[in-house]
Amino acid sequence: MTDTITPPAPVEAAPAYTEPPAGPAAPETLDRAALEALQLERLQWTVHHAYENVPLYREKFDAAGVHPDDIRTLADVEKLPFTTKEDLRRSYPFGMFAVPMTDVRRIHASSGTTGRPTVVGYTEGDLDRWADLIARSLRAAGVQPGWKVHNAYGYGLFTGGLGAHWGIERLGCVAIPVSGGQTARQVQLIRDFEPDAILCTPSYLLTIADAFEEQGLDPRETSLKVAVCGAEPWTNEMRRELEQRMGLKAVDIYGLSEVMGPGVGQESVETQDGPHIWEDHFLPEIVGDDLQRVADGERGELVFTTLTKQAFPVIRYRTRDLTRLMRGSAYPAMRRIEKITGRNDDMIILRGVNLFPTQIEEIALEIEHLTPHFILELTKRGRMDELTVKIECTPGIEKETSEAAAKILQARVKERIGTTVDVVIVSTGSLPRSEGKYKRVYDLRDQA
């Protein structure tokens, strides 16, 4: 009698996915009508790709009563449900991936300081497109092929360092992969290697400028011509401070890991009027407090739908960044955003008044003898919340002068923002220095 051999169970087929629709060689030169036609084609591809390969999106679309075939115009994106950071955390670690893990070539993740980290993945095609967008961004920033570029964004799971690195090389530049931290070494390498451009957070560039001066060196005498700064909100007052102290042009690069990383948008060195969004790859919207879309020019929360991401497509992702969409300038077909100076989750509500750390920065930098080195401490006095601004003055000034500057800051905050804060002058160098993203707000109310 012959033994019966049971055949193995069939292996479930891997999810089917395709390449995003191809675009022109020079998309920055498209007119608006051609750009929107490309956006619609890529939006329809993305929505089908996400629905077919990401269980969370199938669940959300079905619950909202919408199907990918319902997307016939760009305006139809409003039919789609939003994606939030909580959705990404709920799918931790790889539940949002739309391709088999065998086709993923890199994983990045957020720090996870407020909960589970958000994890993102990239196919080989995703990485190739990302490098192209970083190269495009650096060109807009004024960086030229052949330049040496000092990359002080953090390497590792954070998207900044490695994301920027491949774009530097794609442009034909020399990448100097320094990463963040070891500020004295940063100063030494800038002096020795003589880079033409630097990439880092604006607060860390300020720390580097301080380090030059602490060593008795003039930061305006370096070889640096351009600083490409991002990863945190910063004001035009901070830009002026950096440009004056470093003797360079400072421009804003925009991105976030959930959407891609750096290179979602870039400010032109020629106009310095806010980052242009690379709309051939990302569809931006602005929504109000009621989550309804608002017209260009109106402020609200920035929302993104990716148009070419394979491994990790996102549909109507709520960034929490507050800004407005405006007509393009250096790239007329690509809309730009007003400089991000605050986020919904950075906002402090103090006795019924909304306040952002960048508002304090903007006012402080207008006042002689005050520096951008400050922190905000939230405490509770009885039933009332109190906010204390701890800020450093420029070295060597008299106590009476620093106290007068503190009173001016307190009065201007009251006048412009409409709330009362305490201002405390602290000794020079006593506050923490940024080695990446700078923590401004310390909530001590639970410790009362």
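A residue is called buried when its relative accessible area is under 20%, exposed when that area is over 50%, and partly exposed in between. On this scale L291, at 28% relative accessibility, counts as partly exposed. The structure is a predicted model, and a search through the whole of it finds 40 salt bridges. The points below take up the backbone, the salt bridges, the second largest pocket, a nonpolar surface patch and one separation across the chain.

**Backbone features**

- L291, which is not a glycine, nevertheless has a positive phi of about 65 degrees, and its place in the chain is the loop between β10 (282-287) and β11.
- S179 is likewise not a glycine and has a positive phi, here of about 70 degrees; this residue belongs to the loop between β4 (174-177) and α6 (183-193).
- With a relative accessible area of 18%, S179 falls under the 20% limit and is therefore buried, whereas L291 is partly exposed because its value of 28% lies between the two limits.
- The peptide bond that joins Y92 and P93 is cis, with omega at about 0 degrees, and P93 is found in the loop between α3 (85-90) and β1.

**Salt bridges**

- Within helix α4 (residues 124-140), R129 and D126 are three residues apart, which is about one turn of the helix; their side chains form a salt bridge in which the closest N and O atoms are 3.1 Å apart, and both residues are buried.
- R245 and E213 form a salt bridge with an N to O distance of 2.7 Å, and this pair links distant parts of the chain, since R245 lies in helix α8 and E213, 32 residues away, in helix α7 (residues 202-214).
- The two partners of that pair fall into separate classes of accessibility: R245 is buried, at 16%, while E213 is partly exposed, at 40%.
- A salt bridge of 3.8 Å, N to O, joins the side chains of R336 and D273; because R336 lies in strand β14 (residues 336-337) and D273 in the loop between β8 (261-266) and β9 (276-277), the contact ties together parts that are 63 residues apart in sequence.
- R336 has a relative accessible area of 15% and is buried, whereas D273, with a relative accessible area of 24%, is partly exposed.
- Through salt bridges that share partners, D210, E213, E241, R245, E392 and R433 are joined into one network.

**The second largest pocket**

- The second largest pocket holds about 530 Å³ of space, and its lining consists of 27 residues, of which R299, L322, T341, G342 and F356 lie nearest the centre.
- Two or more lining residues come from each of the elements α8 (236-246), β11 (300-306), β12 (317-323) and α9 (357-364).
- Among the contributors to this lining, α9 gives the largest share, with four residues.
- Sorted by class, the lining of the second largest pocket has 10 polar, nine charged and eight nonpolar residues.

**Surface patch**

- F94, M101 and I107 make a nonpolar surface patch of about 250 Å².
- I107 belongs to strand β1 (residues 104-109) and is partly exposed, with a relative accessibility of 32%; this value also satisfies the requirement of over 30% for residues that make up a patch.

**A separation across the chain**

- E403 is located in helix α10 (residues 399-416), and at 39% relative accessibility this residue counts as partly exposed.
- From C-alpha to C-alpha, E403 and A50 are 57 Å apart in space, and in sequence they are 353 residues apart.

Definitions and conventions. Residues are numbered from 1 along each chain as its sequence is written. This is a predicted model: local features need pLDDT of at least 70, side-chain atom pairs count only at pLDDT 80 or more; totals for chains, interfaces and linings use all residues. Side-chain values use heavy atoms; hydrogens and water are left out. On a 1 Å grid over the protein atoms alone, a cavity is a set of points where a 1.4 Å probe fits but cannot get out, and a pocket is an open set with protein on both sides within 12 Å along at least five of seven lines; lining residues have an atom within 4 Å of a point. Grid points are joined across faces, edges and corners, and a volume is the space filled by probe spheres set on the points. Ala, Val, Leu, Ile, Met, Phe, Trp, Tyr, Cys and Pro count as nonpolar, Asp, Glu, Lys and Arg as charged, and the others, Gly among them, as polar. Patches are made of residues with over 30% relative accessible area and no salt bridge: like charges are joined within 9 Å, nonpolar side chains (Val, Leu, Ile, Met, Phe, Trp, Tyr) within 5 Å. Accessible areas come from the Shrake-Rupley method with a 1.4 Å probe; for residues, only the protein chains shown count as cover. A salt bridge is a side-chain nitrogen of Lys or Arg within 4 Å of a carboxyl oxygen of Asp or Glu. Buried means under 20% relative accessible area, exposed over 50%, partly exposed in between (1.4 Å probe, protein chains only).
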